[in-house]
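Student: Could you walk me through one part of this model up close? I'd like to look at the place where the ligands sit.

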Amino acid sequence: MSLQENLILGIESSCDETAAAIVADGRRILSNIVASQIAIHRNFGGVVPEIASREHLRQIVPVVREAVKQAGISLTDLDAIAVTRGPGLIGALLVGVTYGKTLALALDKPLIAVNHLEGHVHAVFLEAAETGHVPSLPAICLIVSGGHTVLYRVESDSTNGARRFSYARIGGTRDDAAGEAYDKIARMLALGYPGGPVVDQLAPYGNPKAIRFGVPKMKGNVYDFSFSGIKTAVLYHLRSHPEFQPEIAAREQALARGERSAEALRQLSTPATFDLVASFQRAVVDDLVTRTIAAARKNSVRSIFVSGGVAANRELRATFEAQAKRDGFEVFFPSRALSTDNAAMIAAAGYPRFQSGQHEDCTLDPAANLPLA
Ligand code: KG4
Ligand code: ZN
């Protein structure tokens, strides 16, 4: 490690992942530790805020310790601590913010507040630093996860060697996030939690044109999304087709036995279920891609970023890549490890703020609805 490099500890606890990472100069990942709570929340079919806070409390110290150990440094080598301030679950954020503040005070190091969504944007820059394929700015960034579905225009400028990023919100979901819709329809179909990865695996077995699921025309802002209608349409489809019930009951029993692999659930599914998930996925993917590309065209940008848990979806990636190629855009996806919630992206987003001296004091509070602007 070069002596000139600035080492930032990132801390992330906005939802159900307790994460810590050490990143040098905002682009070289020395460690990236994520303790996921999925196995606990799975029993409830979604994230239970109280349980999430308690788990963060249990995990935060060992996770930070492991990040420091794997980076081969000691806490005193750090140049700053960057922590997610929001948006997210307030009790969950409170654990990371309180721990970050305490560590910064004890070590006498600068504390930097990071917006979680800005972290997802910086996941793309981190990936670019690893691959050498650097995106041009301005860009349109789609952040699509279980908690968020939002479009930003991202720009940057440099003053005195420090890069400053700015964000303009272009649109976002008016109800469910896309990942939330995946999770909810997977719950109706007894495909386990989280639902996205299993739907992703089963959809290629079905006919995406079997059922016509539409997304609403958005009045006002055409770059807004709405996924609650399609989720309700799936519910009505299941209610009006009682023949789905035996396989749903069989999968419920399999899940209760702990058999939750996509392959095990596929074996218990009929073509009607494959058609249903394929049609749902096609409608969601087409909507995400169409609105994002329209926003990119309208904003005259060349780069499109796609980040967040749903960015792992194979059909989403393939559709984006095909359309972007056709329309002359370059599309950037972080790897799966950087797409889902992690702290390396928080440390990376904190680095420009560290450079420009945007430090916090011990009055920093978490903010559940922190806007990115
Ligand atoms: O970013 P993330 O790990 O956590 C937050 O929600 O912030 O995203 C998790 C979400 C879940 O809703 C999950 O179902 C979805 O991402 N997801 C996927 C896939 N992998 C994860 N959705 C569609 N296809 C996937 N392959
Ligand atoms: Zn996230």
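Tutor: Here is a tour of the ligand site, one ligand after the other. Keep in mind that this is a predicted model. Let's start with ligand 1. There are 18 residues around it, and Gly146, Asp183, Asp200, Gly309 and Asn313 come nearest. Sorted by character, the shell has five nonpolar, nine polar and four charged residues. Two helices, H5 (178-188) and H6 (196-202), each put at least two residues into that shell.

Now for the polar contacts. The backbone pitches in at Gly179, where an N or O atom lies 3.1 Å from an oxygen atom of ligand 1. Asn313 uses its side chain instead: a polar atom there lies 3.0 Å from a nitrogen atom of the ligand. Asp341 also works through its side chain, with an N or O atom 3.1 Å from an oxygen atom of ligand 1. As for cover, ligand 1 exposes 550 Å² when taken alone, and the protein buries 90% of that.

Hang on to Asp341, as it leads us to the metal. The zinc ion (ligand 2) is coordinated at 2.1 Å by His116 (NE2), His120 (NE2) and Asp341 (OD). Read along the chain, those donors are spaced H-x3-H-x220-D. His120 belongs to helix H4 (residues 116-131), while Asp341 is in the loop between helix H12 (336-339) and helix H13 (344-355), so this pair ties together parts that are 221 residues apart in sequence. Both residues count as buried: His120 has a relative accessible area of 0%, and Asp341 comes in at 14%.

Terms used. Residues numbered from 1 in each chain as written. Chains lettered and ligands numbered in written order. Predicted model: local features only at pLDDT ≥ 70, side-chain atom pairs only at ≥ 80, totals over all residues. Heavy atoms only, no water. Near = heavy atom within 4 Å. Polar contact = N/O pair within 3.5 Å; in protein donor to acceptor, adjacent residues only side chain to side chain. Areas by Shrake-Rupley, 256 points an atom, 1.4 Å probe, with all protein chains shown as cover. Helix = DSSP H or I, 4+ residues; strand = E, 2+ residues; numbered from the N terminus. Nonpolar A, V, L, I, M, F, W, Y, C, P; charged D, E, K, R; others polar. Donors = N, O, S within 2.8 Å, 3.2 Å for Na, K, Ca; no water. Buried < 20%, exposed > 50% of the residue type's maximum accessible area, 1.4 Å probe, protein only.
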